Amino acid sequence: MLKEWGNIEEKRKTKEFGSYPWSFTKMSQEVARGIFGLVEKFSPQQIVIENTVAGRNRDSQRQLEFIHYALLDLINKSLAESRPEVYYVSPGIWRNKLQIKLTAEDKQDNKILRRGTKEQKRLLKDKKNLRGIISKKHLAIRYVHNKYNINLKVKQDDVADAICLGDAFLLNCKVDQGE
């Protein structure tokens, strides 16, 4: 059951927390405290975290790893006796478990959006209310809309990913074992 959804957002930029690399640790601790507030509110028995992916924006991945560490540190120090189990799941694993992939129609639409004439692109965008190529972000948002009737915007793709991650975990997807 989906109880609550949303984002923990830090409005300040990383550089506003001081000089590098300390700014990363300070911002990570701030975000982790926000997440930990949800852990205290809901007292989950299990927490599922999306594993980071090498090859993407290095600074963003580093920031996520710092947030993961700060959250685990808070949980370990504050909930030592009643610590929830923590699992990591890779993005490809949860997408595969939920069968989140481009349909044949999506692929055809993307082909037109990439290689079609200006008129073909305009007609397709108008007909299907598209703004651009259909990506993994759009697929997760579509899944959440179809399952929960929640209308997320493309900029809320992290929320959709988190909901999908939880669903895949509840369907017993493979979890990473730190190997």
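Contact here means heavy atoms within 4.5 Å. Keep that cut-off in mind for the residue I start with. One caveat: this is a predicted model.

Take Ile100. Leaving aside residues up to four places away in sequence, Ile100 touches Trp94, Arg95, Leu139, Ala140, Tyr143 and Cys164.

Now the core around that residue. Ile100 is among the residues with the most contacts inside the largest nonpolar core, along with Trp94, Leu98, Val144, Leu152 and Cys164. That core has 24 residues. Two elements, helix 6 and helix 7, each give two or more residues to this core. Helix 7 supplies the largest share, seven residues. There is another core, apart from this one, with nine residues. Phe36, Val39, Ile75 and Tyr88 are among them. As background, nonpolar side chains in soluble globular proteins tend to be buried together.

Next, helix 6 itself. It runs over residues 136–148. Does its length fit? Let me put that properly: what should the 13 residues of helix 6 span? At 1.5 Å a residue, they should span 18 Å, and the end C-alpha atoms of helix 6 are 18 Å apart, so the two agree. Which residues of helix 6 are buried? They are Leu139, Ala140, Ile141, Tyr143 and Val144. The cover over these buried residues includes helix 3 (91–97), helix 4 and helix 7 (157–170). After helix 6 comes Asn149, with a positive phi near 55°.

Helix 6 also takes us to a pocket. The second largest pocket holds about 590 Å³ of space. Its lining has 18 residues. Nearest the centre of this pocket lie Asn129, Leu130, Arg131, His138 and Val154. Helix 4 (104–115) and helix 6 are the elements giving two or more residues to this lining. Helix 6 gives the most, four residues. By class, the lining of this pocket has seven nonpolar, five polar and six charged residues.

Last stop, helix 2, residues 58–78. Same check on length. With 21 residues at 1.5 Å each, helix 2 should span 30 Å; its end C-alpha atoms are 30 Å apart, so that agrees. Its buried residues are Gln61, Gln63, Ile67, His68, Ala70, Leu71 and Ile75. What do the buried residues of helix 2 pack against? Helix 1 (22–42), strand 1 (46–50) and strand 2 (85–89). And Ile75 we have met already, in the nine-residue core.

Key: Residues numbered from 1 in each chain as written. Predicted model: local features only at pLDDT ≥ 70, side-chain atom pairs only at ≥ 80, totals over all residues. Heavy atoms only, no water. 1 Å grid on protein atoms, 1.4 Å probe; cavity = no way out; pocket = protein on both sides within 12 Å on 5 of 7 lines; lining within 4 Å. Points joined across faces, edges and corners; volume = space filled by probe spheres on them. Nonpolar A, V, L, I, M, F, W, Y, C, P; charged D, E, K, R; others polar. Expected span 1.5 Å × (residues − 1). Buried < 20%, exposed > 50% of the residue type's maximum accessible area, 1.4 Å probe, protein only. Core = buried A, V, L, I, M, F, W, Y, C linked by side-chain atoms within 4.5 Å.
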